[in-house]
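Work through the exercises below with the structure open beside you. Try each task before you read its solution.

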Protein chains: 2
Amino acid sequence: MGRWEPDAAGRLREAAMALYAEQGFDGTTVADIADRAGVTARTFFRHFVDKREVLFAGSEELQRRMVDALTGAPRDAEPMDAITIALLAAAELFADRRDHSRRRQAVIAATPELREREFIKMASLVTAFTEALRQRGVEPDTASLAAETGIAVFRVAFERWVTGPEDADLADVMRGTLADLSELTA
Amino acid sequence: MGRWEPDAAGRLREAAMALYAEQGFDGTTVADIADRAGVTARTFFRHFVDKREVLFAGSEELQRRMVDALTGAPRDAEPMDAITIALLAAAELFADRRDHSRRRQAVIAATPELREREFIKMASLVTAFTEALRQRGVEPDTASLAAETGIAVFRVAFERWVTGPEDADLADVMRGTLADLSELTA
DNA sequence: TACTTGATGTCATCGAGTGACATCGGAGGT
DNA sequence: ACCTCCGATGTCACTCGATGACATCAAGTA
């Protein structure tokens, strides 16, 4: 056993999530979070670059999986088909975490600063998608448009999922949203 | 003539834009901006809620015009047609400011914090579009998807315009991007 | 034992952002 | 012409987010 309790980052994440939900983001200081996690504020900033990032720890993982799925799609798949595969890969990651996702979304939705951070994560996904599509040989302009559109679908589907019926399957919602899109733009 | 030079907000906007371009966003303090504008830092925060907002002064105007255009679209226009009208209204606003738009975009693109702020402005547009579409009688789910897609097109088109040939017409680029979208999702 | 490593604590400091109060020129009323 | 109120700004003090420099100490290793 080390000199301190293990998994300080995990404790900080939980403390932050709880406090943001209880007192709001603005009403919570980094010192509050650190106290609850049993460390100092300085340690908080060694684990997370800022007060927002503590809620977005899993985002690299999500991006990596989606991009891998996109890259691994059949060579002859059309852009939007490859995007679909990536969206379904994301659905797997969230499938058994609907409750946690809901609570997290509630906190984020309530705080403009956190929404900003979420948007930039989405933008990072767009960039990664664009790049992956170009690697597949998709024309640059088409790639960025497909990427942007794909993330729009992701956002809408996710929103539908967390606000919809409890037993809904995220993958189904993704497919349904994609179908709505082609109808809309027909 | 008043006790102070008039249009402090305007001077602050210009000073901020110039300094962010010269020294970067992080390398510029609010005190720097205020000094150049001939006021105190406290005054900066009376005009802008934070250090980022100074670059987004015109965004309410943009949103108002686009929503008005969307609301004013013919009653029988399909959702994406109404969206198109709104995008063309935005194009008018930027038509003669391509150079300024380019410089501003360059600064924003170089700074994650500013990109975050830009994204939330776009999100605000999505919300406003969604609401306006629902007012037109569009089904809620369709409305949010159309809004999200419309803003995606706006973003892509704007990007194409500022990076493309100097004499390109933003309205044409918007139409072209929309055409690309329907082809993509066909 | 002695040395190294890594995670944390401590201390000092800068900059963003805010509340409270002071200042003073100008507009409008008398 | 005088007075009063108002609004934009200045001044001061303070909290909090964020970072650099240095100290500490348990555990692993030679």
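The model is predicted.

**Exercise 1. Find how many residue pairs are in polar contact across the interface of chain A and chain B, and say which elements of chain A take part in the interface.**

Step 1. Eight residue pairs, both members at pLDDT 80 or more, are in polar contact across the interface of chain A and chain B.

Step 2. On the side of chain A that touches chain B, the elements giving two or more residues are α5 (79-94), α7, α8 (140-163) and α9 (170-184) of chain A.

Step 3. The largest share comes from α8(A), with 11 residues.

Step 4. Sorted by type, the residues on this side of chain A are 12 nonpolar, six polar and nine charged.

**Exercise 2. State how many residues each chain gives to the contact, and how much area is buried.**

Step 1. Chain A gives 27 residues to the contact, and chain B gives 27 residues.

Step 2. Between them the two chains bury about 2400 Å², and 67% of this lies on carbon and sulfur atoms.

Step 3. A:E116, A:L145 and A:L184 supply 27% of the area that chain A buries against chain B, more than any other three residues.

**Exercise 3. Determine how chain A and chain B are related in space.**

Step 1. Chain A is superposed on chain B by a rotation of 180° with 0.0 Å of shift along its axis, and the RMSD is 0.0 Å.

Step 2. The two copies are therefore related as by a two-fold rotation axis.

Step 3. Both copies use the same surface, since 100% of the contact residues of chain A recur in chain B.

Step 4. The residue of chain A that comes closest to the rotation axis is A:E116, with its C-alpha at 2.5 Å.

**Exercise 4. Describe the salt bridges that cross between the chains.**

Step 1. Side chains of opposite charge can pair when their charged atoms come close.

Step 2. The interface of chain A and chain B holds eight salt bridges.

Step 3. One of the salt bridges joins the side chains of A:E148 and B:R155, at 2.9 Å from N to O.

Step 4. A salt bridge also joins the side chains of B:E116 and A:R117, at 2.5 Å from N to O. This pair crosses between chains, from helix α7 (residues 112-135) of chain B to helix α7 of chain A.

Step 5. B:E116 has a relative accessibility of 3%, which is under 20%, so B:E116 counts as buried.

**Exercise 5. Compare two salt bridges within chain A: where do their residues lie, and are they buried or exposed?**

Step 1. Over all chains, the structure holds 32 salt bridges.

Step 2. A:E53 and A:R117 form a salt bridge through their side chains, at 2.6 Å from N to O. A:E53 lies in the loop between α3 (41-47) and α4 (59-72) of chain A, and A:R117 lies in helix α7 (residues 112-135), so the pair ties together parts that are 64 residues apart in sequence.

Step 3. A:E53 is buried, at a relative accessible area of 15%, and A:R117 is buried as well, at 9% relative accessibility.

Step 4. In the salt bridge of A:R103 with A:D99, the closest N and O atoms are 3.9 Å apart. Both residues lie in helix α6 (residues 98-109) of chain A, four residues apart, which is about one turn of the helix.

Step 5. A:R103 counts as partly exposed at 46% relative accessibility, whereas A:D99 is exposed, with a relative accessible area of 55%.

Definitions and conventions
Residues are numbered from 1 along each chain as its sequence is written. Chains are lettered from A and ligands numbered from 1 in the order in which they are written. This is a predicted model: local features need pLDDT of at least 70, side-chain atom pairs count only at pLDDT 80 or more; totals for chains, interfaces and linings use all residues. Side-chain values use heavy atoms; hydrogens and water are left out. Copies are superposed by least squares on the C-alpha atoms of residues with pLDDT of at least 70 in both. Contact means heavy atoms within 4.5 Å. A salt bridge is a side-chain nitrogen of Lys or Arg within 4 Å of a carboxyl oxygen of Asp or Glu. Buried means under 20% relative accessible area, exposed over 50%, partly exposed in between (1.4 Å probe, protein chains only). Buried area is the accessible area (1.4 Å probe) that two parts lose on being put together, summed over both. A polar contact is a pair of N or O atoms within 3.5 Å; within protein, one must be able to donate a hydrogen and the other to accept it, and residues adjacent in sequence count only if both atoms are side-chain atoms. Ala, Val, Leu, Ile, Met, Phe, Trp, Tyr, Cys and Pro count as nonpolar, Asp, Glu, Lys and Arg as charged, and the others, Gly among them, as polar.
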